[in-house]
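The following exercises are to be worked through with the structure in view. Each task is followed by a solution in steps.

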Amino acid sequence: MRHVRKVADIMPAVFFVAGFVWDALTIGRNVAALDLWIFAGYLFCAAVILYLIGRPIPLENSESKLVSLFKKHYSPRVPYFLLQFLFGSLFSALFILYFKSSSHWLAWLMSLALAVLLVANEFLESEYKRFTLSWSMFGLCAMLLFNFALPFILGSIHAIWFYLSTLLGASLAFWLYKKTPNHLGSIKPVAAIAALLMLAYAADMIPPVPLVKRDVVVAFELEKTNGQYRLSQQASPWWVFWRKTSNDLEMVGGQRVYCFSSIFAPPGLQAKLYHRWQHYDKKLGWVTQSRIGFDLSGGRYQGFRGYTYKSNLAPGEWRVSVETENEKTITVHKFSVQQVETAPQRVVLLY
């Protein structure tokens with residue numbers, strides 16, 4: 001029995017980690033309407049379980065015929081296991097989509113740290129605090145889901161929709177907590193999480209979802225033929241056998257450099273994107289050389305393709321930030337420039 005109890009104690013964390021690993025392997029690099037419906041179903045099931053385990057009469061004491069039928073095999077911990085599985089699937093899926101929406105290490109690190117903290121709390125917190133944690137996770141999942149769904153439905157990535165969707169998610173958690181007969185745990189952390197998300201978004205630590213980066217590359221020449229882009233890129237050295245191209249550009253004087261980006265956006269979403277070209281100065285840091293915009297139209301599975309270019313790039317470190325009109329960063333691509341007398345070996349790839 002002691003071993004059984006030990007296994008039962010770690011099952012919530014096992015469910016959480018299993019859901020995270022499964023979603024990491026199965027979720028694609030874009031957001032589909034079906035995904036949002038599935039996530040909404042997870043959230044609804046979690047809401048039902050939270051309500052049931054907050055009833056004045058515990059579920060295992062219910063006289064329901066359905067409960068009586070499975071009473072032999074029923075355990076009071078079953079609702080908690082199901083709740084943790086739903087949170088594991090929903091929470092990890094949404095955060096993986098956030099990871100794939102940006103190359104910002106701060107956003108990735110913040111999300112990973114929160115996931116680790118949630119797993120750790122499953123081992124350390126008491127039953128009372130665990131229920132507080134459940135409300136916090138429900139509120140966070142609701143906010144993240146609304147962050148994706150509202151821009152998806154409205155076809156706009158304006159900042160106001162992020163703030164509004166965060167407030168809607170938090171409001172749903174507060175409403176459910178108020179409707180639950182026994183107010184187990186505390187709902188206050190949900191307000192703190194909402195404030196933290198909005199501050200992180202204002203500081204450009206959260207990508208402008210539901211936009212998702214597909215590809216960002218730099219090239220010497222660009223040509224569009226039969227709906228495909230032919231890009232002439234720097235070939236990797238022979239010893240870098242795991243990739244065909246390199247971001248260490250060797251250029252002759254006066255040559256152009258193209259930045260080509262492919263960003264997924266849901267059907268119907270219209271926006272303006274920008275490439276911010278920056279050169280690194282040892283005294284001044286990253287200095288913006290130009291910010292060039294182009295229109296984005298959603299709906300293409302491989303992502304909307306756009307490009308900008310510059311000539312006569314100074315030697316040294318460069319980066320191009322792909323960002324929205326209100327300067328929210330989608331991704332950052334770094335490369336270096338070195339002047340040479342003869343053109344280096346190149347490789348041509350299709351996008």
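Helices and strands are here DSSP runs, helices of at least four residues and strands of at least two, numbered from the N terminus. With these terms, P208 is found in the loop between α8 and β1. The model is a predicted one.

**Exercise 1. The chain as a whole**

Task: State how many helices and strands the chain has, and what percentage of its residues count as buried.

Solution.
Step 1. The chain has eight helices and 11 strands.
Step 2. A residue counts as buried when its relative accessible area is under 20%. By this cut-off, 47% of the 351 residues are buried.
Step 3. The exposed area of the chain is about 18300 Å², of which carbon and sulfur atoms supply 63%.
Step 4. Among contacts with a separation of 6 or more, 75% come from residues 24 or more positions apart.

**Exercise 2. Helix α7**

Task: Compare the reach of α7 with its expected span, and determine where its buried residues lie around the axis.

Solution.
Step 1. Helix α7 covers residues 159–179, which is 21 residues. From first C-alpha to last, α7 reaches 31 Å, close to the 30 Å expected at 1.5 Å a residue.
Step 2. The buried residues of α7 include F162, T166, G169, A173 and Y177.
Step 3. Viewed down the axis of α7, the buried residues fall within an arc of 140°, so they line one face of the helix.
Step 4. The general principle is that an α-helix has 3.6 residues a turn, so residues three or four places apart point the same way.

**Exercise 3. Annotated spans**

Task: For residues 131–154 and 189–206, give the helix content and the distance between the end C-alpha atoms.

Solution.
Step 1. Both spans appear in the unreviewed UniProt entry under the feature "transmembrane region".
Step 2. Residues 131–154 are 100% helix and 0% strand, with end C-alpha atoms 34 Å apart.
Step 3. Residues 189–206 are 78% helix and 0% strand, and their end C-alpha atoms lie 20 Å apart.

**Exercise 4. Strand β4**

Task: Assign the residues of β4 to a covered or an uncovered face, and identify the bridge partner of M251.

Solution.
Step 1. In β4 (residues 248–251), L249 and M251 form the covered face, whereas D248 and E250 form the uncovered one.
Step 2. In a regular strand, side chains alternate between the two faces of the sheet.
Step 3. Strand β4 pairs with β10 (residues 329–339) in the parallel sense, over four bridges. In β10, Q339 is the bridge partner of M251.

**Exercise 5. Backbone angles and the surroundings of P208**

Task: Describe the peptide bond from V209 to P210, the phi values of N226 and E327, and the contacts of P208.

Solution.
Step 1. Most residues other than glycine have a negative phi, and most peptide bonds are trans.
Step 2. The bond from V209 to P210 is cis, with omega near 10°.
Step 3. N226, in the loop between β2 and β3, has a positive phi near 50°. N226 is exposed, at a relative accessible area of 78%.
Step 4. E327, in the loop between β9 and β10, has a positive phi near 65°. E327 is partly exposed, at 47%.
Step 5. P208 is buried, with 3% relative accessibility. Leaving aside neighbours within four places in sequence, P208 is in contact with I157, T324, K328, T329 and I330.
Step 6. P208 and N326 are 118 residues apart in sequence, and their C-alpha atoms are 9.9 Å apart in space.

How values were computed:
Residues are numbered from 1 along each chain as its sequence is written. This is a predicted model: local features need pLDDT of at least 70, side-chain atom pairs count only at pLDDT 80 or more; totals for chains, interfaces and linings use all residues. Side-chain values use heavy atoms; hydrogens and water are left out. The expected span of a helix is 1.5 Å times one less than its number of residues. Buried means under 20% relative accessible area, exposed over 50%, partly exposed in between (1.4 Å probe, protein chains only). The arc is that of the directions from the helix axis to the C-beta atoms. Two strands pair if DSSP finds at least two bridges between them. Contact means heavy atoms within 4.5 Å. Accessible areas come from the Shrake-Rupley method with a 1.4 Å probe; for residues, only the protein chains shown count as cover. UniProt positions are given in the numbering used here, feature names are shortened, and annotations may be inferred rather than shown by experiment.
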